[in-house]
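Welcome to this one! Here are a few notes to read alongside the model, taken point by point.

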Amino acid sequence: MAAAGGADGFPSMGGKTDDEQVEVNCMWAFNAAVGCPMPANQFTAYYRFGEFETCGEKLNDFGICLWAKLQHSQAKRKEVLSKASYMQAGKATESVLKPKEKPGW
């Protein structure tokens, strides 16, 4: 039986053949959707990207995950999960400020 997810909590599909079962755990998407509007997350997004997060992608990912969980075909499940925003190229996770080569102290 396949693992429920990778180390980061996202469903892990790498290296799986079509006959292996992909288990979908939507807890990561739920936590991201609920935690998105929290002040700490919004301040982090503003610091890193210069704008507040709209949280629409997180809610959409949660819906996609739930939809994938309802699919009976493994191929269809993989196809639905590939539409989630975490599977596509997104914003960089590095901060806006660049570290100095030589510290100021």
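1. A good place to begin is the way H1 passes H3: the crossing is left-handed. Please keep in mind while looking that this is a predicted model.

2. Which residues make this contact? On the H1 side they are Trp28, Ala29, Phe30, Ala32 and Ala33. H3 answers with Lys58, Leu59, Asp61, Phe62 and Cys65. Sorted by character, the residues of the contact of H1 with H3 come out as 8 nonpolar and 2 charged, with no polar ones.

3. Now for the geometry of the pair. Two packed helices are described by the angle between their axes and by the distance between those axes. For H1 and H3, the angle is about 155 degrees and the axes lie 8 Å apart. Because angles over 145 degrees count as roughly antiparallel, H1 is roughly antiparallel to H3.

4. Next, the cross-links. How many disulfides does the structure hold? There are 2. If you count the bonded cysteines along the chain, the pattern reads 1-4, 2-3.

5. One disulfide joins Cys26 and Cys65, with 2.1 Å between the sulfur atoms. This pair links distant parts of the chain, 39 residues apart: Cys26 sits in the segment before helix H1 (27-35), whereas Cys65 belongs to helix H3 (residues 56-70). You have met Cys65 already, among the H3 residues in the contact with H1. The link of Cys26 and Cys65 is left-handed, with -100 degrees about the S-S bond. Are these two cysteines buried or exposed? Both Cys26 and Cys65 are buried.

6. The other disulfide is formed by Cys36 and Cys55, and here the sulfur atoms are 1.9 Å apart. Cys36 is found in the loop between H1 and helix H2 (39-49), and Cys55 in the loop between H2 and H3, so the bond ties together parts that are 19 residues apart in sequence. Why is the disulfide of Cys36 and Cys55 called left-handed? The reason is its torsion about the S-S bond, which is about -90 degrees.

7. A last look at how covered this second pair is. Buried means under 20% relative accessible area. Cys36 has a relative accessible area of 1%, so Cys36 is buried. Cys55, at 11% relative accessibility, therefore counts as buried too.

Conventions: Residues numbered from 1 in each chain as written. Predicted model: local features only at pLDDT ≥ 70, side-chain atom pairs only at ≥ 80, totals over all residues. Heavy atoms only, no water. Disulfide = S-S within 2.5 Å. Helix = DSSP H or I, 4+ residues; strand = E, 2+ residues; numbered from the N terminus. Buried < 20%, exposed > 50% of the residue type's maximum accessible area, 1.4 Å probe, protein only. Axes fitted to C-alpha atoms, helices over the stretch in contact; angles between N-to-C directions. Parallel < 35°, antiparallel > 145°, perpendicular 65-115°, else oblique. Left-handed = near helix turned anticlockwise from the far one by under 90°. Contact = heavy atoms within 4.5 Å. Nonpolar A, V, L, I, M, F, W, Y, C, P; charged D, E, K, R; others polar.
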